[in-house]
Each structure stands twice: as structure tokens, then as C-alpha cells.
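Please walk me through this model in the viewer, one selection at a time. Tell me what to select next and what is there.

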Amino acid sequence: MNPILLTDGYKVDHRRQYPMGTSLVYSNWTPRKSRIQNVDEVVFFGLQYFIKKYILEDFQTHFFSKPKEEVTQKYARRINNYLGENQVGVKHIEALHDLGYIPMVFKALPEGATVPVRIPMFTMYNTLPDFFWLTNYFETLLSAVVWLPCNSATIAKQYRKVLDKYAEETSSVPEFVDWQAHDFSMRGMAGIEAAVSSAAGHLLSFTGTDTIPAIEFLEEYYNADSDEELIGGSVAATEHSVMCMGTTEGEYDTFKRLICEVYPKGIVSIVSDTWNLWKVLTDYLPRLKDEIVNREGKVVIRPDSGDPVHILCGNPNGKTDEERKGVVALLWEIFGGTVNEKGYKELIPQIGAIYGDSITIDRATQICEMLKEKGYASTNVVLGIGSFTYQYNTRDTFGFAMKATYGEVNGEGRAIFKDPITDDGTKKSAKGLIKIERENEKYKLVDEVSWEEERTGELQEVFRDGKLLINHSLKDIRKRMR
């Protein structure tokens with residue numbers, strides 16, 4: 001689609017609504033509040049993708065490289081059919097096509113930075129007076145693309161904090177946390193772009209993912225190279241159709257064939273609650289103990305039905321002994337392991353568990369805490385993170401908004417702002433030109449500055465007049481995140 005049409009309908013005629021003589025519009029992108037308890041900082045991620053994909057690739061392919069008459073005719077047809085015959089016109093579209101590039105500046109904090117709520121992550125403004133209308137014209141497209149990877153990167157970082165804390169306290173392999181939260185969200189996201197950009201946000205904190213195209217995304221837009229670095233990975237794993245096809249009566253044989261014949265070495269994850277999880281743990285696995293112990297690699301038992309905390313750690317009110325013990329304790333009874341220097345039990349390397357459904361940050365914390373209370377290292381389990389975590393969010397999760405704070409009319413600057421009397425202060429914007437400073441290792445907003453001051457501070461030009469000026473790599477972003 002012609003990206004000039006990727007906008008809200010009311011945007012197309014704002015050009016004529018600004019005061020006569022308007023020559024510059026200066027706006028910023030800010031997370032204004034947090035709806036997640038105890039989270040007051042947001043990870044900045046996704047602007048480089050937006051610039052490369054839409055400002056550079058799509059505008060070049062679907063706008064600048066198309067014949068001007070074709071572009072303007074289609075634009076006029078769409079707008080006239082949509083708004084009725086009106087005076088929006090096409091001369092400004094023709095002028096942009098003649099120019100051949102997007103005359104804008106984006107100034108941003110480094111991607112992967114953790115930014116306090118109410119601190120702008122980036123600013124943008126037009127560089128040529130005739131294109132003042134472009135700045136906020138981009139708001140819709142920019143917002144639709146950028147808030148989700150910021151959200152998911154922020155939420156993934158919260159998981160990382162939880163898992164790092166408990167691994168530090170209970171495990172001899174804290175580096176395993178890289179793999180301990182595995183992204184299973186793709187099928188539940190609102191379309192492929194949402195799935196991929198969200199999964200890329202997850203991969204800033206972890207390496208486990210089943211969203212294969214997120215690896216391509218990070219190679220294409222963030223200078224990653226899967227030949228040279230671990231972007232994301234997974235393991236061989238079954239699903240319920242595989243287990244069902246082996247029949248209820250043949251389930252033991254299915255386990256044995258998978259472990260001994262199909263995957264005689266390496267990691268294999270086997271969904272284990274198609275029918276009776278407790279039978280798998282108390283019947284099949286003891287019978288397969290020698291085969292598992294002598295394998296070169298790990299068998300991972302995967303339940304994904306019921307309460308994850310109770311299934312993994314045991315339910316004190318369970319009806320059976322197995323329910324009261326839970327998966328980890330039952331695996332310990334069968335296979336044993338070692339007690340590490342911190343005093344916590346770690347299963348032998350050939351066996352493990354993953355819970356692949358209904359995980360939240362609270363449940364992840366409960367699982368780690370209960371394992372700790374029972375004397376087990378947190379790294380005995382992997383947690384599958386799905387769309388319940390990454391899709392049950394909106395732009396309002398962190399109150400993202402793009403607002404104009406400065407403009408120039410007839411050559412004179414105007415510091416503008418928004419501060420609704422009926423609001424609680426959330427929607428109050430900065431005022432005028434801004435800069436971001438570092439104070440006590442935190443970003444700090446300074447508004448109503450001069451152009452000279454605006455050119456200083458932490459915001460760096462990443463794009464100007466059709467050229468990308470800073471090109472972040474996944475490696476650098478991960479380092480910044482951690």
C-alpha cells in the first residue's frame with residue numbers, strides 16, 4: 001500500500017487547519033504512565049525498524065518509485081471517495097513526490113535504553129517549511145508500529161529481572177536464564193507484524209523463541225547475523241497431535257520411540273499431559289530411566305494444562321500424592337541430581353521441565369519462590385511465555401502518545417503544550433523545544449529550551465532527510481538492556 005495513506009482519516013486535512021504561515025511542527029513520543037504495577041520505566045525499541053521499513057523501504061517502493069500521476073490519482077480517488085469532494089488537494093503530495101525523500105529529522109535515545117515514564121524517547125520535526133504537515137501526519141503509522149515492541153521488550157525485561165534474581169539465589173547456572181523464558185506467542189498475536197516485532201522485543205532479554213521470523217527481523221533491521229551470534233533458538237518438540245496419533249494405549253511406546261529412536265541425542269521436549277501427566281511421571285519415565293540417563297542430551301517434560309504453579313511445584317491441597325508433589329519433585333524422585341553450593345537441588349542434566357501455557361510475571365515469581373522454598377533451583381524449569389503476556393496489552397499500557405510541543409509560524413517560534421483541566425495530569429505534555437539529560441544515571445526532561453540547547457543532550461539524530469544516521473545492532477542493544 002502507498003504509505004502516504006497509512007494514517008487516520010482526520011490527518012489528511014490538518015495541513016490546511018494549521019495557522020497560515022506555519023513552517024515547522026516539532027513533536028515527541030512519550031510513555032506517559034504505566035498500568036503495570038511496580039513498572040515505572042519503559043524499554044525503547046522499534047524506531048529503527050519503523051524508519052528502515054516504512055520511511056526508507058515502503059516510501060521508496062510504493063511512493064517515490066511510482067509514477068507521480070499514478071500516486072496522486074490513487075490518493076485523490078481514495079480521499080475523495082472517503083471524505084467526499086473537498087479541498088484537501090494533491091499538490092502537497094506532488095511536491096513530496098518531486099522532492100524524492102522524507103524531509104524529517106528524528107532524534108532519539110539509544111534503542112534498548114530504559115526510559116522513565118513521562119520522558120520522551122524521541123522527537124521529530126520537518127526540515128523544509130512546505131512540509132510542516134508531515135510531522136504529525138506520521139503519528140498514526142508511527143504509533144501503530146512502535147508501541148508494541150516497546151511494550152514487549154519492557155515486559156520481557158521484567159521476566160528477566162525475576163528469573164535473574166532467583167537464579168542468582170538458587171542456581172549454579174545463572175546463565176541458563178537466557179533460555180528460561182521461551183516465546184510461544186506468535187499464533188496468538190494480532191497479525192504477523194505484531195507477532196514478529198513483539199518477539200524481537202522478547203529476544204532483547206532472552207534467546208529462546210519459537211517465532212522464527214523474529215530472527216529474520218533482527219537480521220534485516222538490527223544488523224544481527226545468525227552465523228556469527230545467537231539471535232534466537234529452540235529445540236525439537238512435540239505437540240498434542242503427535243502424541244494423540246500414537247494413541248492412548250501406545251503412549252509409552254511413543255515416548256520410547258521419540259527418546260530412543262527419533263532423538264537419540266540432543267534436547268527433545270515432549271508434551272506430557274495429553275491424557276494423564278501423572279502416569280507419564282510415575283509409570284513411563286521410571287521405565288525409561290536408563291535410556292534417559294544414558295542419553296547425550298536432555299528430555300524435557302512439558303505439561304501445559306492446569307495451574308502452572310501447582311503443576312510444577314505441587315499443590316498442598318491436591319487429591320493425590322502426585323498432585324501434592326508436583327512435576328519437579330517427582331522428577332527428582334526418579335532421576336535425582338546434585339545439591340549445589342547454594343544448597344539447592346538441581347536435576348541431572350538429562351531431564352528437565354517446561355510449562356508452556358498461562359505464564360504471567362506473577363506466576364513466574366510464584367513458581368520460582370515455591371521451588372526455592374522446597375529446596376530446588378529455579379533453573380530446573382523453563383517457562384513458555386505466550387500471547388497472554390504479550391498481546392493482552394495496548395498502547396495505553398504505558399500511555400504512549402506523540403504530541404507537538406513547538407511550532408514556527410511566520411518565522412516565529414511558539415512553545416505549545418497540552419494540559420486538559422479535566423485530566424489527572426497524565427495527558428499534560430512537555431512544552432516547547434526539549435532536550436534529555438542524564439542525572440544520577442536516569443534520563444531527565446528539560447523543556448522550553450532554545451534551539452542551541454536542543455542540539456545538546458542525550459537525544460541523537462538517527463535520521464535526517466532520507467538518510468539513516470545511526471544504525472543500532474542487536475548486540476549493542478542487548479548489552480545496553482543488561
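The tour goes from the two domains to their interface, and then to two loop residues.

This is a predicted model, in which local features need pLDDT of at least 70 and side-chain atom pairs count only at pLDDT 80 or more, while totals for chains, interfaces and linings use all residues. Residues are numbered from 1 along each chain as its sequence is written, and side-chain values use heavy atoms, with hydrogens and water left out.

**Domains**

Select 3–148 + 398–481 as domain 1 and 151–392 as domain 2; such bounds come from an automatic or database domain assignment. The C-alpha centres of domain 1 and domain 2 are 40 Å apart.

**Interface**

Next, select the residues in contact across the two domains (heavy atoms within 4.5 Å): there are 29 in domain 1 and 30 in domain 2. About 2,400 Å² is buried between domain 1 and domain 2, and carbon and sulfur atoms give 57% of that area. Buried area here is the accessible area (1.4 Å probe) that two parts lose on being put together, summed over both. Show Phe45, Leu148 and Arg478 as sticks: in domain 1 they lose the most area to domain 2, together 30% of what that side buries.

For polar contacts, count pairs of N or O atoms within 3.5 Å; within protein, one must be able to donate a hydrogen and the other to accept it, and residues adjacent in sequence count only if both atoms are side-chain atoms. Between domain 1 and domain 2, 22 residue pairs are in polar contact, both residues at pLDDT 80 or more.

Now colour β2 (41–43), α2 (47–64), α6 (139–170) and α19 (474–481), the elements that give two or more residues to the side of domain 1 that touches domain 2. Helices (H or I, at least four residues) and strands (E, at least two) are DSSP runs, numbered from the N terminus. The largest share of that side of domain 1, seven residues, comes from α2.

How many salt bridges does the rule find across the interface of domain 1 and domain 2? The rule, a side-chain nitrogen of Lys or Arg within 4 Å of a carboxyl oxygen of Asp or Glu, finds zero there.

**Two loop residues**

Most residues other than glycine have a negative phi. Select Asn38, in the loop between β1 (22–31) and β2: its phi is positive, about 70°. Then go to Glu441, in the loop between β16 (433–439) and β17 (442–449), where phi is positive at about 65°.

Are these residues buried (under 20% relative accessible area), partly exposed (in between) or exposed (over 50%, 1.4 Å probe, protein chains only)? Asn38 is exposed at 73%, and Glu441 is exposed at 65%.
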